[in-house]
Amino acid sequence: MSEQLQFEGHQPSDPVSLVVRRRIRPGQEATYEALLAEANALLARLPGHRGTGVIRPAPGEQEYTLLARFDSLTSAAAWELSPERAAWLDRIAPLVDEHVSFEKQPGLDFWFTPPAAATLRQPPRWKMALLTLAALYPVSVSTSWLFGEALKPWLGHLVMPIRAIPQMIVVVLLMTYLVMPAVTRWATPWLRGEK
């Protein structure tokens with residue numbers, strides 16, 4: 001099965017999460033774990049990479065899930081087409097019993113584990129809501145001040161629904177590309193229940 005990333009219906013600047021599931025041959029787990037560490041190191045050096053997660057198999061099972069988040073389809077494609085990834089895939093080929101699936105989850109799903117991936121553990125909704133509120137509050141207050149006071153001479157004559165459009169654009173862009181990637185990276189242990 002091909003693991004080629006498709007761009008159908010999405011812009012190259014859209015954020016994306018790549019979710020790859022593989023069944024590892026019995027007895028090859030330690031070697032695969034070492035190669036996973038190498039893949040994580042390769043991904044960490046890639047511009048546009050926003051984090052990696054590994055979901056290890058339950059006892060008695062062999063399926064590993066690798067989740068890699070990117071700030072854009074273009075960044076994901078750079079990894080997809082890289083010689084480093086091709087060499088890494090060649091190295092894991094003898095360890096893989098079966099390639100289960102390769103998916104992309106586009107859009108804002110990269111903030112949290114995509115809910116469409118049933119085997120991936122998603123943080124509790126209350127934690128996602130609390131973290132989003134904690135991140136959104138300072139952004140919202142700051143942009144409200146900026147658009148309500150600092151930019152009032154230029155925007156004050158506009159009716160509120162029109163004046164709110166540029167403010168919402170700034171909020172969404174800040175949350176998507178700056179605030180939430182940083183906050184979720186920082187809060188990962190808490191989201192996963194490790195703290």
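**Exercise 1. Find the salt-bridge partner of Arg 85 in this predicted model, and work out whether the two residues are buried or exposed.**

Step 1. Start from the side chain of Arg 85 and look for a carboxylate. You'll land on Glu 80: the two form a salt bridge, with the closest N and O atoms 3.6 Å apart. That passes, because the cut-off for a salt bridge is 4 Å.

Step 2. Now check how covered each residue is. Buried means under 20% relative accessible area. Arg 85 comes in at 7%, so Arg 85 counts as buried. Glu 80 has a relative accessible area of 5%, so Glu 80 is buried too.

Step 3. Keep Arg 85 in mind, since this residue is also among those nearest the centre of the largest cavity.

**Exercise 2. Describe the largest cavity: how much space lies in it, and which elements supply its lining?**

Step 1. Count first. There is one cavity of 30 Å³ or more, and the largest cavity holds about 100 Å³ of space.

Step 2. Go round the wall. Eleven residues line the cavity, and Val 20, Leu 66, Trp 79, Arg 85 and Phe 102 lie nearest its centre.

Step 3. Sort the lining by element. At least two residues each come from β1 (16-24), β3 (63-70), α2 (73-80) and α3 (83-92). The top contributor is β1, with three residues.

**Exercise 3. Which parts of the chain does the salt bridge between Glu 63 and Arg 23 tie together?**

Step 1. Confirm the pair: the side chains of Glu 63 and Arg 23 meet at 3.2 Å, N to O.

Step 2. Place each residue. Glu 63 sits in strand β3 and Arg 23 in strand β1, so the bridge ties together parts that are 40 residues apart in sequence.

Step 3. Compare their cover. Glu 63 is at 19% relative accessibility, so Glu 63 still counts as buried. Arg 23, at 28%, is partly exposed.

**Exercise 4. Do the same for Arg 56 and Glu 33: how far apart are their closest N and O atoms, and where does each residue lie?**

Step 1. The closest N and O atoms of this salt bridge are 2.9 Å apart.

Step 2. Arg 56 is in the loop between β2 (49-55) and β3, while Glu 33 is in helix α1 (residues 29-44), so this pair links parts that are 23 residues apart in sequence.

Step 3. Both ends are partly exposed: Arg 56 has 46% relative accessibility and Glu 33 has 25%.

Step 4. For the tally, the protein has five salt bridges, including the ones worked through here.

**Exercise 5. Which residues make the nonpolar surface patch of about 550 Å², and where does Tyr 177 lie?**

Step 1. List the members: Val 159, Ile 162, Ile 165, Ile 169, Leu 173 and Tyr 177.

Step 2. Zoom in on Tyr 177, which lies in helix α6 (residues 160-191). With a relative accessible area of 38%, Tyr 177 is partly exposed. That fits the patch rule, because members need over 30%.

**Exercise 6. Sum up the whole fold: how many helices and strands are there, and in what order do they run?**

Step 1. Count six helices and four strands. From the N terminus on, they run β-α-β-β-α-α-β-α-α-α.

Step 2. Look at the contacts with a separation of 6 or more: 76% of them join residues 24 or more positions apart.

Step 3. Finish with cover and surface. Of the 195 residues, 38% are buried. The accessible surface comes to about 11100 Å², and 62% of that belongs to carbon and sulfur atoms.

Technical notes. Residues are numbered from 1 along each chain as its sequence is written. This is a predicted model: local features need pLDDT of at least 70, side-chain atom pairs count only at pLDDT 80 or more; totals for chains, interfaces and linings use all residues. Side-chain values use heavy atoms; hydrogens and water are left out. Patches are made of residues with over 30% relative accessible area and no salt bridge: like charges are joined within 9 Å, nonpolar side chains (Val, Leu, Ile, Met, Phe, Trp, Tyr) within 5 Å. Accessible areas come from the Shrake-Rupley method with a 1.4 Å probe; for residues, only the protein chains shown count as cover. Buried means under 20% relative accessible area, exposed over 50%, partly exposed in between (1.4 Å probe, protein chains only). Contact means heavy atoms within 4.5 Å. On a 1 Å grid over the protein atoms alone, a cavity is a set of points where a 1.4 Å probe fits but cannot get out, and a pocket is an open set with protein on both sides within 12 Å along at least five of seven lines; lining residues have an atom within 4 Å of a point. Grid points are joined across faces, edges and corners, and a volume is the space filled by probe spheres set on the points.
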